[in-house]
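Please open the structure in your viewer with the sequence panel beside it, and follow the selections below in the order in which they come.

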Amino acid sequence: MQPRKTDLARTALQAHRAPLDMRQRRLLILCDGQRSIVELTGLLGQEAPAMVIQLVQAGYLSTGPAAAAPSPPAVAEPARAAPAQVTAAPAAPPVERRRSLVAARIYVLGILEMQRHPQAAALFRDLQQARAEDEVVQRLHSAMRMLPGLTSDGYCQRVRQRLLEALPLEHCDAFAEVA
């Protein structure tokens with residue numbers, strides 16, 4: 001199943017007034033009809049399938065005909081040719097996660113937004129305005145150095161772990177050293 005946004009979801013995302021929390025908004029943004037529930041769970045955590053069900057019931061997501069129509073021709077042909085290949089293909093996506101500086105930036109922006117502290121608000125603005133890759137990385141470093149002064153150690157470790165999961169591999173070593 002590959003959920004996709006409905007017109008109601010597009011309107012809610014544009015208006016910023018819908019009764020959606022930040023996690024639900026992130027899920028709606030990621031539901032483009034191309035990502036499976038397994039991929040969404042890899043990106044957002046174990047609560048993603050339950051959130052998808054809630055958003056489908058609320059009318060924000062659809063799993064209808066557009067997702068089902070392309071599947072029969074694609075599945076029917078390989079099933080006759082080599083059934084072993086069909087069973088091996090679904091196992092690969094959960095292992096491979098998309099890593100990007102944009103995803104890491106969005107995650108840290110969300111964390112900073114929840115802190116309700118003047119330092120966090122200033123870093124939020126700086127990170128939001130950063131455009132160059134090295135500038136974004138520098139702002140992410142600043143946020144990770146500032147966070148222990150605002151939250152508990154356990155929370156900081158969870159944030160750091162999630163950040164390392166989202167960052168491109170070439171930046172992970174530098175952030176592991178900050179830990």
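**Starting at a turn in the backbone**

Begin with Gly59, which lies just after α4 and takes a positive phi of about 90 degrees. Bear in mind throughout that the model is predicted.

Now step back along the chain and select helix α4 itself, residues 48–57, whose buried residues are Ala48, Met51, Val52 and Leu55. They cover an arc of only 105 degrees around the axis, which puts them on the same side of α4. If you then display α2, α3 and β2 (61–62), you will have the elements against which the buried residues of α4 pack.

**The whole chain**

Before going on, zoom out to the complete model, where 13 helices and 2 strands can be picked out. Of the 179 residues in the protein, 37% are buried. Among the contacts with a separation of 6 or more, 67% are made by residues 24 or more positions apart.

**Into the largest pocket**

Select next the loop between α3 and α4, where Gly45 has its place. Is Gly45 buried or exposed? At a relative accessibility of 11%, Gly45 falls under the 20% cut-off and therefore counts as buried. A distance drawn from the C-alpha atom of Gly45 to that of Arg162 should read 9.8 Å, although 117 residues separate the two along the chain.

Arg162 also leads to the next stop, the largest pocket, which holds about 960 Å³ of space. The pocket is lined by 32 residues, and those closest to its centre are Arg26, Leu43, Leu44, Tyr107 and Arg162. To see which elements supply two or more residues to this lining, colour α2 (22–30), α3 (37–44), α9 (101–115) and α12 (153–166). Colouring the lining by residue class instead gives 17 nonpolar, 5 polar and 10 charged residues.

**Along α12**

Keep α12 in view and hide the rest for a moment: this helix has 14 residues and reaches 20 Å from its first C-alpha to its last, close to the 20 Å expected at 1.5 Å a residue. Its buried residues are Cys156, Val159, Arg160, Leu163, Leu164 and Ala166. Looking down the axis of α12, you will find these buried residues within an arc of 160 degrees, so they line one face of the helix.

Gln157 is found in α12 as well, and with a relative accessible area of 46% Gln157 is partly exposed. Selecting Met144 together with Gln157 gives a pair that is 13 residues apart in sequence and 9.9 Å apart in space, C-alpha to C-alpha.

**From Leu150 to α10**

Move now to the loop between α11 and α12 and select Leu150, which counts as partly exposed at 24% relative accessibility. Which residues does Leu150 contact, leaving aside its neighbours within four places in sequence? They are Gln115, His117, Gln119 and Ala120. For Gln119, the C-alpha to C-alpha distance from Leu150 is 9.2 Å, across 31 residues of sequence.

In the loop between α9 and α10, pick out Arg116. Arg116 has a positive phi of about 55 degrees although it is not a glycine, and with a relative accessible area of 74% this residue is exposed.

Continue into helix α10, residues 118–129, and draw a line between its end C-alpha atoms, which are 17 Å apart; at 1.5 Å a residue, its 12 residues should span 16 Å, which agrees. The residues to highlight here as buried are Ala120, Leu123, Phe124 and Leu127. They cover an arc of only 110 degrees around the axis, which puts them on the same side of α10. On the other side of α10, Pro118 and Gln129 are exposed. Display α9 and α11 (133–146) around the helix, as these are among the elements that cover the buried residues of α10.

**A last stop before β1**

Finish by selecting Gln2, in the segment before β1 (4–5), where a relative accessibility of 31% makes Gln2 partly exposed. Add Asp32 to the selection: the C-alpha atoms of Gln2 and Asp32 are 7.9 Å apart in space, while the two residues lie 30 residues apart in sequence.

Conventions. Residues numbered from 1 in each chain as written. Predicted model: local features only at pLDDT ≥ 70, side-chain atom pairs only at ≥ 80, totals over all residues. Heavy atoms only, no water. 1 Å grid on protein atoms, 1.4 Å probe; cavity = no way out; pocket = protein on both sides within 12 Å on 5 of 7 lines; lining within 4 Å. Points joined across faces, edges and corners; volume = space filled by probe spheres on them. Helix = DSSP H or I, 4+ residues; strand = E, 2+ residues; numbered from the N terminus. Nonpolar A, V, L, I, M, F, W, Y, C, P; charged D, E, K, R; others polar. Expected span 1.5 Å × (residues − 1). Buried < 20%, exposed > 50% of the residue type's maximum accessible area, 1.4 Å probe, protein only. Arc of directions from axis to C-beta. Contact = heavy atoms within 4.5 Å.
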